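Hi everyone, thanks for coming. I'd like to walk you through a structure today, so please have a look at it on the screen while I talk.

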Amino acid sequence: MELDRFCSTSRVIIVAGKGGVGKTTVTATLAVAAARTGMSVLIVEVEGKSGLASAFDRPPLGYEETELAPGVRGRTLTPDDALLDWLRGNGLRRISNRLVASGTLDVVATAVPGLKDILVLGKVKSLDLTRAADLVVVDAPAAGHAVTFLTSARGLLDAVRVGPVNKQASDVVELLSDPERCRVLLVTLPEETPVNELVDTAYAIEDRAGVALGPVVVNGCYEKLALDGAGVTAASVLRDADLLDVFVSEREAEDLARAAGFRAERAAIQTHQADRLARLLPLPQIRLPFLFTADLGYQEIGHLADALTEGVAAL
Amino acid sequence: MNDPRVVHSLDDVVEHGSVAICCGSGGVGKTTTAAVLAVQSARRGRRAVVVTIDPAKRLANALGLDELSNEPHQIDPARWDPKGERVEGGRLSAMMLDTKSTFDDLVTRYAATPEQAQRILENSFYRNLASALSGTQEYMAMEKLHELHEEGDFDLIVVDTPPSRHALDFLDAPKRLLRLLDNRVFRLLMVPTRTYLRVAGAAVQMFLHTISRVVGTEVVDDIVAFFRSFEGMEEGFRERAHRVVEVLAQPETRFVLVTSPRRDAVEEARFFAAKIGDHDLAVDALIVNRVHPRFGTELSAGLRSRADSLRELKVSGREATAARDRLSACYANLADFNEIAERERAHIETVRVRTGAAPVSFVPYLAHDVHDFEALAEVGRILFPDLPDRDGSEPTGAGPGQ
């Protein structure tokens with residue numbers, strides 16, 4: 001599939017996965033790849049963490065939009081931001097400060113669990129309605145929270161049957177259940193536990209939140225070596241060196257062979273896990289490479305965006 | 001209070017600690033590490049329990065945590081010590097924290113009458129508080145720790161901490177809950193339901209009226225009913241919270257900071273270490289999981305240029321060309337691993353600046369996930385290399401070298 005078509009299937013893409021699998025990396029990668037096709041992209045960060053901005057070599061994001069890269073803007077949208085925003089939008093500006101200062105906001109949010117989630121998603125909805133960007137990419141909370149995040153609206157529809165909260169919740173349900181407006185991109189690593197948890201999350205999201213799932217992004221895959229690593233031994237390295245008439249010490253030959261063997265072993269495990277995921281979850285996969293050579297910065301995001309574009313093309 | 005100058009080894013944690021708190025960001029192997037520490041402590045003849053928060057399914061199965069029970073249960077020694085090598089008296093128990101029933105127990109304990117407890121437990125605001133308020137899980141983990149500690153059935157209690165959005169919530173969680181229970185707006189309303197609008201001052205009236213308009217009167221009624229039922233219990237709760245926090249500060253408590261060597265996890269670990277310091281506590285041990293192996297001592301830059309020059313080597317013949325490509329790829333691969341090992345080591349150094357003299361242990365990337373006792377023992381051999389029962393086999397590429 002062409003990348004621009006992929007990125008315009010829905011106007012909001014929610015990127016979700018468990019902690020440590022590279023959700024933020026994938027968010028940034030998707031945004032950069034989409035921007036390259038000429039789209040304007042807005043990244044929404046809902047946990048107020050700093051990782052996203054550093055992927056663009058920028059200082060932490062704030063509530064106000066900032067440009068992160070050509071065609072890519074970013075902002076935070078924490079539940080507290082969303083709540084205050086919503087109160088102001090509903091003519092309650094005067095009490096909003098008092099709610100915060102008196103700690104009553106916490107009491108009310110506790111009394112209505114999921115309130116904060118639907119306010120965040122409600123704000124995402126209005127970003128979508130006002131066409132704040134061609135594509136809105138949401139960096140969702142970590143896995144367990146992601147399910148709650150996406151199912152809160154349905155729960156609230158039952159709990160609060162009238163009034164502005166109900167209206168907000170039904171708007172959110174409408175957004176989530178329309179695949180042309182919104183879908184979820186799940187991220188995992190090619191390892192046993194992350195794969196298992198991803199499968200559970202995927203079914204929970206589909207069954208309980210009714211959101212359309214896009215392809216699964218398998219992050220951190222070792223790229224294939226230009227040789228069969230498993231067949232490399234210290235002796236075979238020394239033979240090659242002899243043939244080429246270059247000097248390789250025995251100890252170095254040993255290191256080279258162990259490293260090649262390790263890579264082959266890890267790569268085999270990764271392939272096994274990715275295949276297992278494919279069996280357990282009938283969704284197409286996009287594999288992104290593991291980066292050995294540098295910490296994640298804008299340049300590395302660029303490499304990953306190349307890989308994402310290729311992965312999408314192969315779908 | 002922990003004296004930051006006292007250095008505790010990981011051996012000391014399992015042999016002399018009475019409480020070990022495993023903290024770190026999500027996805028770095030905290031639960032596994034906590035289980036490993038408890039197993040090692042039991043092997044050394046102590047009565048150890050691991051309190052897990054949200055274990056991956058297969059690890060939970062291994063620990064016998066299939067059924068949610070809020071009490072520790074003992075694990076058959078045949079499972080964690082198949083060769084019978086443990087020091088006599090060693091026992092291993094495990095439990096999975098049930099936030100809601102821990103909170104329920106607390107309410108029942110501090111209520112003046114069973115009726116008061118009942119009223120609170122049935123209140124829907126309370127039920128949300130017990131299950132949905134962020135920070136409650138952290139607080140209840142600490143509460144459970146305190147309870148087990150007071151009961152005195154265990155020599156070492158190893159606590160896994162919830163994957164917090166804000167690192168170290170568990171240190172602040174008791175305060176957070178107390179602040180909520182102290183809410184002045186609602187405390188003003190501890191008068192019979194429905195009459196509150198008449199009794200409260202005009203400003204509060206307006207305020208509540210507005211809130212009712214948004215979330216409905218039912219919700220506000222529930223909140224008011226909760227605060228009314230809760231009356232008189234705050235003091236007990238406050239004292240309790242105070243004592244819970246005291247357990248953290250006693251000299252036999254050890255903080256084990258767990259991280260992966262990736263930059264983002266390390267940034268969080270640094271923040272944790274600083275925060276622990278802010279509470280006048282100290283990190284006693286740093287455990288770095290999922291470290292890439294380093295092969296040999298050669299620096300990546302040299303290996304990389306060797307790979308490049310080999311690739312440019314002019315050769316003739318199919319055999320020589322194949323040999324050149326293989327050798328060049330081998331060097332490039334070794335350069336990859338040593339480069340990432342160098343970078344990971346540099347990241348860890350930035351945490352060590354904050355953890356002072358705390359020893360650091362590296363656990364390499366393992367071929368398989370850790371979800372049974374065999375794998376826990378494997379990690380144990382890496383973390384405690386001096387164990388007498390060590391079978392002499394090196395784990396693949398142990399640690400990132402010197």
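I'll go through the two chains, then their contact, and then a few local details in chain A.

One thing to keep in mind from the start: this is a predicted model.

Let's begin with the chains themselves. Chain A has 315 residues, and 53% of them count as buried. Its secondary structure consists of 13 helices and eight strands. If you lay the C-alpha trace of chain A along its principal axes, the trace spans about 80 × 40 × 40 Å. For chain A contacts with a separation of 6 or more, 74% are between residues 24 or more positions apart.

Now chain B. Here we have 402 residues, with 50% buried. Chain B has 18 helices and eight strands. When we take the contacts in chain B between residues at least 6 apart in sequence, 80% of them join residues at least 24 apart.

So, on to the place where the chains touch. How many residues does each chain bring to the contact? Chain B gives 58 residues and chain A gives 51 residues. On the chain B side, several helices supply at least two residues each, among them α7 (124–132), α9 (169–181), α12 (202–215) and α17 (318–355). Which helix of chain B provides the largest share of that side? That would be α17(B), with 17 residues. As for chemistry, the side of chain B that touches chain A is made up of 31 nonpolar, 12 polar and 15 charged residues.

Next, let me zoom in on a pair of helices in chain A. Find helix α4 (residues 79–89) of chain A and helix α7 (residues 115–129) of chain A; their axes come within 8 Å and cross at roughly 75°. An angle from 65 to 115 degrees counts as roughly perpendicular, and α4(A) and α7(A) are therefore roughly perpendicular to each other. From α4(A), the contact uses P79(A), A82(A), L83(A), D85(A) and W86(A), while α7(A) brings K116(A), L119(A), V120(A), G122(A) and K123(A). Sorted by type, the residues of this contact are six nonpolar, one polar and three charged.

Another helix I'd like you to find is α9 (residues 163–176) of chain A. Its 14 residues, at 1.5 Å a residue, should span 20 Å, and the end C-alpha atoms are indeed 20 Å apart, so the two values agree. Which residues of α9(A) are buried? They are V165(A), Q168(A), A169(A), V172(A), V173(A), L175(A) and L176(A). Looking down the axis of α9(A), you see these buried residues within an arc of 160°, so they line one face of the helix.

Finally, let's visit a couple of loops. R131(A) sits in the loop between α7 and β5 (135–139) of chain A. Its phi is near 50°, which is a positive value in a residue other than glycine. Is R131(A) buried or exposed? With 10 C-beta neighbours inside 10 Å, R131(A) counts as exposed.

D245(A) is in the loop between α11 (234–244) and α12 (250–280) of chain A. Phi of D245(A) is near 60°, again a positive value in a residue other than glycine. There are 9 other C-beta atoms within 10 Å of D245(A), so D245(A) is exposed.

That's my tour; thanks for listening, and I'm happy to take questions.

Methods. Residues numbered from 1 in each chain as written. Chains lettered and ligands numbered in written order. Predicted model: local features only at pLDDT ≥ 70, side-chain atom pairs only at ≥ 80, totals over all residues. Contact = placed C-beta atoms within 7 Å. Helix = DSSP H or I, 4+ residues; strand = E, 2+ residues; numbered from the N terminus. Nonpolar A, V, L, I, M, F, W, Y, C, P; charged D, E, K, R; others polar. Axes fitted to C-alpha atoms, helices over the stretch in contact; angles between N-to-C directions. Parallel < 35°, antiparallel > 145°, perpendicular 65-115°, else oblique. Expected span 1.5 Å × (residues − 1). Buried ≥ 20, exposed ≤ 12 C-beta atoms within 10 Å, placed from the backbone. Arc of directions from axis to C-beta.
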